Amino acid sequence: MPIAAVAVVSDMPTHIPDHVDDYLREGQESDASDIHLPVNCQPTWRRFGIMEPIWPSAPMLTAADTERLAMGFLDAAQQKLLHERGDVDFAYATPIGRFRASVVRHRLGIDMVFRIISTKLRTMDELGLPSSLKMLTQYQNGLILVTGSVGSGKSTTLSAMVDYVNETRHDHIITLEDPIEYVIPSKNCHVTQREVHTHTKGFSHALRGALREDPDVIMVGEMRDLETIQLAITASETGHLVLATLHTGSAARTLDRVLDVFPTEQRDQIRVMVAESLRGIISQQLVPRADGKGRVLALEVLMRTEAVAACIRDGKTFMLPGVMQTGGKMGMRLMDDSLLELFNEGLITKEECYARCEQKAVMRQALLS
């Protein structure tokens with residue numbers, strides 16, 4: 001999430017590496033976020049949000065190459081899963097760091113993708129998160145949602161918030177993740193981290209079990225289905241602080257997504273429950289810097305107020321941007337305002353600002369003024 005320093009991309013090695021760890025080390029040393037090892041393509045990484053070959057002159061990987069690489073790091077149980085199910089996802093820990101690994105079989109062979117996980121747990125201050133978000137972590141109950149697209153830094157923000165709770169409270173924290181990304185050592189809190197598919201069957205199963213383990217704070221890596229969302233809302237209403245993620249792009253769309261998973265006849269009741277339990281929504285994007293030296297965080301923040309609660313209860317989420325526009329003193333801000341601020345500071349380009357904004361006509365006028 002923080003601004004990354006420019007790294008010098010290394011020259012093409014004399015031979016294609018024979019183990020995935022060699023590719024991962026290369027990516028880690030060059031500030032890449034993801035490593036792709038696909039069939040019939042060059043070894044590729046995502047660096048500062050852009051997909052490009054690791055070595056422009058590298059030969060394409062064949063099906064035999066990727067199978068050999070996969071079998072070289074998967075254990076027997078993972079190979080069995082790949083054979084039976086066609087895909088396997090897990091946290092891959094090595095002496096050089098931790099990675100989120102995804103291995104899939106398709107018509108051409110085996111592809112592998114690795115998300116590089118920073119071994120250093122960043123604080124909220126290091127990430128440049130506004131101080132108003134620290135207030136959210138001090139609630140004894142309620143629901144906090146961190147949203148954004150894949151690769152927008154949700155897990156990093158969520159882990160930083162959980163670790164702030166870990167430092168400032170004396171509670172039991174349970175995290176439910178797929179897979180565990182940041183290892184959070186216990187400080188003033190007792191921290192229990194569980195990995196879906198390794199320590200438990202699924203998020204809903206793990207969340208139901210967590211409620212019997214005397215938790216104070218529960219982190220849910222992703223609210224994927226009706227049962228998980230329902231359990232998270234119930235937990236937030238019954239004396240637990242629940243932090244979770246969703247793949248949505250704004251506060252209003254996040255609430256629509258939460259409500260739309262429920263049957264029509266339940267939505268009035270759920271709106272009331274969410275209006276009471278919601279503490280805040282943080283929506284974020286990582287935007288390429290204008291100077292090409294990494295990415296910078298654009299942030300939208302919704303804080304619960306009576307006006308926000310009324311919009312949710314009445315099913316008028318379309319009114320939330322207006323409420324947020326006037327809620328600056330409460331720590332609220334719209335994504336478009338965050339993007340415009342970054343542009344005015346010279347951190348992002350006009351093109352990126354316009355491409356990522358919600359209100360195109362308003363932004364076009366603001367960029368011309």
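Two strands count as paired if DSSP finds at least two bridges between them. The structure examined in these exercises is a predicted model.

**Exercise 1. Pairing of strands S1 and S6**

Determine how many bridges join strand S1 to strand S6, and which residue of S6 is the bridge partner of Asp34.

Solution. Strand S1 covers residues 32-37, and strand S6 covers residues 109-117. Between them there are 4 bridges. Pairing requires at least two bridges, so S1 and S6 are paired. The two strands run antiparallel. For Asp34, the bridge partner in S6 is Arg115.

**Exercise 2. The sheet and the helix upon it**

State the order of the strands in the open sheet, identify its edge strands, and describe how helix H2 packs on the sheet.

Solution. The open sheet is formed by 6 strands, and their order is S3-S2-S1-S6-S5-S4. The pairing in this sheet is antiparallel. At the edges lie strand S3 (50-53) and strand S4 (87-94), each of which pairs on one side only. From one strand to the next, the twist averages 20°. Helix H2, made of residues 63-71, packs on the sheet and touches S1, S6 and strand S5 (97-106). The direction of helix H2 makes about 50° with that of S6.

**Exercise 3. Cysteines**

Establish how many disulfides the structure contains, and whether Cys189 and Cys357 are buried or exposed.

Solution. A disulfide is a covalent bond between the sulfur atoms of two cysteines. The search of the whole structure finds 0 disulfides. Cys357 is accordingly in no disulfide, and the nearest cysteine sulfur, that of Cys353, is 6.4 Å away. The cut-off for a disulfide is a pair of sulfur atoms within 2.5 Å. As to accessibility, a residue is buried when its relative accessible area is under 20%. Cys357 has 7% relative accessibility and therefore counts as buried. Cys189 counts as buried because its relative accessibility is 3%.

**Exercise 4. The chain as a whole**

Assess why the chain is as compact as a globular protein of its length, and describe its contents, extent and surface.

Solution. The chain holds 14 helices and 13 strands. Its radius of gyration is 22 Å, close to the 21 Å that the globule rule gives for 369 residues, so the chain is as compact as a globular protein of that length. Along the principal axes, the C-alpha atoms fill a box of roughly 65 × 55 × 40 Å. Of the 369 residues, 51% are buried. Among contacts between residues at least 6 apart in sequence, 58% join residues at least 24 apart. The accessible surface comes to about 16700 Å², and carbon and sulfur atoms account for 52% of this surface.

Note on methods. Residues numbered from 1 in each chain as written. Predicted model: local features only at pLDDT ≥ 70, side-chain atom pairs only at ≥ 80, totals over all residues. Heavy atoms only, no water. Axes fitted to C-alpha atoms, helices over the stretch in contact; angles between N-to-C directions. Contact = heavy atoms within 4.5 Å. Buried < 20%, exposed > 50% of the residue type's maximum accessible area, 1.4 Å probe, protein only. Rg over C-alpha atoms; globule rule 2.2 N^0.38 Å. Areas by Shrake-Rupley, 256 points an atom, 1.4 Å probe, with all protein chains shown as cover.
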